[in-house]
Every structure is written in C-alpha cells, then in structure tokens.
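Visitor: I'd like a close look at a single part of this protein, with enough of the surroundings to place it. Could you walk me through it?

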Amino acid sequence: MATAALYTPEVLGLATGLAAYPWDDALPLKADARSKSCGSTIALALALDAEGRIARIALRSQACAIGQAAAAIFAEAASGRDARDIARADDAITAWLAGEGGLPDWPGLAAIAAARDYPARHGAIRLAWQAARQLLPTD
C-alpha cells in the first residue's frame with residue numbers, strides 16, 4: 001500500500017514528462033550524476049544565455065519513477081535560473097530530505113513529497129540538481 005502512495009498518477013505523469021527534454025548533443029554543457037544509494041543515473045545537457053542563466057535543457061535518465069519525476073520537476077522550473085539558484089535549491093532539497101527543513105521553494109516538488117519517507121530514493125531525487133551544480137559552479 002505504501003508503494004501506491006509513492007507512485008501516484010501525478011508522479012508517473014511527471015516521469016513520462018521527461019520526453020519533453022530529449023537529449024541534444026549540440027548543447028555545450030554536459031554532466032552525469034549517479035546515485036550511490038540506488039544506482040540511478042542522469043545525463044544533463046544545458047545551454048546558457050548571455051547572463052549565465054539556463055536557456056535550454058536536455059535530459060537522459062536511468063532512474064526509478066521518483067528519480068524521473070524529480071528530473072522533470074527540475075527541468076520544468078530550471079529555465080532562467082543561474083548557478084546560485086541551483087545551489088540554493090539543491091541545499092534546501094538536501095536539508096528537507098534529511099528532515100531539517102520544510103518543502104523547498106521549487107515548483108512541483110510537492111508531487112514527490114512522499115518520497116522523503118523513502119531514504120533509498122533521496123539520491124535519485126537530487127540527481128538533476130547535482131548534475132547542474134557540476135555545470136554551474138558558484139565559486
């Protein structure tokens with residue numbers, strides 16, 4: 001029964017939404033991230049605008065539905081964000097998953113809020129933000 005609460009129709013719909021961000025080798029920035037806890041992976045490609053904000057996104061995911069839904073949530077709200085925005089969101093998501101804060105201010109995260117109770121999914125949730133941080137260092 002807990003599985004049904006985790007994999008809701010909304011989560012499954014988000015997971016299939018990754019099709020809106022097909023892989024594009026032409027995008028100049030590329031990174032991969034892998035979850036140590038579950039083995040899920042993501043490949044992220046980005047193009048930035050002149051101010052260093054995300055302008056285009058491509059994703060390739062080998063993850064559970066929660067990881068795929070999280071990647072779609074990332075992609076849907078990442079355009080126009082810069083390195084500091086991504087770092088702040090990743091830090092807030094990490095704290096939230098650790099039980100050290102409320103649901104972060106990133107549109108759509110409420111759809112996967114139940115996954116907070118499943119530590120094995122935490123690594124998959126953060127993959128897109130981790131890959132983006134590789135591409136957009138704040139230092």
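In which loop does glycine 17 lie?

Guide: Bear in mind that this is a predicted model. Glycine 17 sits in the loop that runs between helix H2 (9-16) and S1. With a relative accessibility of 23%, glycine 17 counts as partly exposed, because the buried class is reserved for values under 20%. In space, glycine 17 has a partner from well along the chain: glutamine 68 is 51 residues away in sequence, yet the two C-alpha atoms are 8.6 Å apart.

Now step back into the helix that leads up to that loop. Helix H2 holds proline 9, and this residue is exposed, with a relative accessible area of 72%. Proline 9 also pairs up across the sequence: alanine 111 is 102 residues from it, while their C-alpha atoms are 9.8 Å apart. One step further back is a spot to treat with some care, since helix H1 (residues 2-6) has the lowest mean pLDDT among the elements, at 66. At the other end of that scale is strand S2 (residues 41-48), which has the highest, at 98. For the protein chain as a whole, the mean pLDDT is 94, and 96% of the residues reach 70 or more.

Going the other way from glycine 17, you come to the strands. Serine 40 is in the loop that links strand S1 (29-34) to S2. Serine 40 is buried, because its relative accessible area is 6%. Leaving out residues up to four places away in sequence, serine 40 touches Ala33, Arg34 and Ser35, then Gln62, Ala63 and Cys64, and finally Ala124 and Leu127.

That last pair takes us to the stretch around helix H5 (residues 119-135), where histidine 122 has its place. Histidine 122 is buried too, at 16% relative accessible area. Beyond its neighbours up to four places away, histidine 122 touches Leu97, Ala115 and Arg116.

Leu97 brings in helix H4, which covers residues 83-97 and includes aspartate 90. Aspartate 90 is buried, with 2% relative accessible area. Once neighbours within four places are set aside, aspartate 90 is in contact with Arg126, Trp129 and Arg133. Take arginine 126 from that list: it is 36 residues from aspartate 90 in sequence, and 7.0 Å from it in space, C-alpha to C-alpha.

So how does the whole chain look around all this? There are five helices and three strands, and along the sequence they come in the order α-α-β-β-β-α-α-α. The radius of gyration is 14 Å, close to the 14 Å that the globule rule gives for 139 residues, so the chain is as compact as a globular protein of that length. Its C-alpha atoms fill a box of roughly 45 × 30 × 25 Å along the principal axes.

As for contacts and surface, take the pairs at least 6 apart in sequence: 62% of those contacts join residues at least 24 apart. Of the 139 residues, 45% count as buried. The chain exposes about 6800 Å², with carbon and sulfur atoms supplying 51% of that. And on charges, the 13 positive and 15 negative ones have mean positions 4 Å apart.

Notes
Residues numbered from 1 in each chain as written. Predicted model: local features only at pLDDT ≥ 70, side-chain atom pairs only at ≥ 80, totals over all residues. Heavy atoms only, no water. Helix = DSSP H or I, 4+ residues; strand = E, 2+ residues; numbered from the N terminus. Rg over C-alpha atoms; globule rule 2.2 N^0.38 Å. Buried < 20%, exposed > 50% of the residue type's maximum accessible area, 1.4 Å probe, protein only. Contact = heavy atoms within 4.5 Å. Areas by Shrake-Rupley, 256 points an atom, 1.4 Å probe, with all protein chains shown as cover. Lys, Arg positive; Asp, Glu negative; His and termini not counted. Charge placed at Lys NZ, Arg CZ, Asp CG, Glu CD. pLDDT = per-residue confidence, 0-100.
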